[in-house]
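These are my notebook entries on one protein chain, written down in the order in which I looked things up. I began with the chain as a whole and then turned to single elements and residues.

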Amino acid sequence: MEYETSITDATVRTAEPDDADDIMSLWNGYADTLVDFDERFEIEDGGREKWHNYFTTSLVNSSRGDILLAERDGTAIGALEARVIGGHPVFNFGKHGMVYGHYVHPEFRGEGVGRALLEAAEEWFRDREMPFWRIDVLHGVAEEELYQEYGMKPMEVTYEKEL
């Protein structure tokens, strides 16, 4: 499925099995960015293969998740995972949307690709009648501003202390 977005020189669509290599290339860039932030994000042995398998067996044609792929002239330039996650056993917190791995190749940042992916994710969640959606963002990264400009607000902050 292709999504309407504000970006005019690129498209955003649902990824297909044949997109696995492009998805992995973008995911590797995302993983490298995480490692730059914190070395604990280093991919374990076999981790890249596990993610590839997760994409091809759990996300393709799934009602609970999809990879949305941004392309320009047939080149993959950004992606994110849109997923429906379950409710909470105690709180009135039903199913809702969650975005993971929002990544735009560095060469294409600042051109509206990240926003186009968010717009497509929002449409994906609306199509599934989700009451709201969230994204986890690493604290202190430049992308925080994009999410706030997009109309999102911080809901939770995670603090951590190493032992």
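Entry 1, contacts. I started with the contacts of the predicted model, and I noted that, among contacts in the protein chain with a separation of 6 or more, 59% are between residues 24 or more positions apart.

Entry 2, overall dimensions. I looked up the radius of gyration, which is 16 Å for the protein chain, and I take this to agree with a compact globule because a chain of 163 residues would then have a value near 15 Å. Along the principal axes, I found that the C-alpha atoms fill a box of roughly 45 × 35 × 35 Å.

Entry 3, elements. I recorded four helices and six strands for the protein chain, and reading from the N terminus I wrote their order as β-β-α-α-β-β-β-α-β-α.

Entry 4, surface and charge. I noted an accessible surface of about 10,300 Å² for the protein chain, with 47% of that area belonging to carbon and sulfur atoms, while 39% of the 163 residues count as buried. For the charged side chains I wrote down 15 positive and 35 negative ones, and I found the centres of the two sets to lie 7 Å apart.

Entry 5, strand β4. I then asked myself how many of the 11 residues of strand β4 are buried. For this strand, which spans residues 75-85, I found eight that are buried, and I therefore put it down as mostly covered, buried meaning under 20% relative accessible area.

Entry 6, the partners of β4. On one pairing, I found strand β3 (residues 65-72) running antiparallel to β4 and joined to it by eight bridges, and as one of the pairs I noted leucine 69 with its bridge partner alanine 79 in β4. The hairpin of β3 and β4 has two residues between the strands, and there I recorded a positive phi near 50° for aspartate 73. I also followed β4 to strand β5 (residues 96-104), which is again antiparallel to β4 and is joined to it by seven bridges; in this pairing I noted that alanine 82 stands opposite valine 99 of β5.

Entry 7, asparagine 28. I located asparagine 28 in helix α1, which covers residues 20-37. Is asparagine 28 buried or partly exposed? I entered asparagine 28 as partly exposed because its relative accessibility is 24%, and buried would require a value under 20%. Lastly, I looked up the C-alpha to C-alpha distance from asparagine 28 to isoleucine 43, which is 9.4 Å in space for a sequence separation of 15 residues.

Definitions and conventions:
Residues are numbered from 1 along each chain as its sequence is written. This is a predicted model: local features need pLDDT of at least 70, side-chain atom pairs count only at pLDDT 80 or more; totals for chains, interfaces and linings use all residues. Side-chain values use heavy atoms; hydrogens and water are left out. The radius of gyration is taken over C-alpha atoms; the globule rule is 2.2 Å times the number of residues to the power 0.38. Buried means under 20% relative accessible area, exposed over 50%, partly exposed in between (1.4 Å probe, protein chains only). Contact means heavy atoms within 4.5 Å. Accessible areas come from the Shrake-Rupley method with a 1.4 Å probe; for residues, only the protein chains shown count as cover. Lys and Arg count as positive and Asp and Glu as negative; His and the chain ends are not counted. The place of a charge is taken as NZ of Lys, CZ of Arg, CG of Asp or CD of Glu. Two strands pair if DSSP finds at least two bridges between them.
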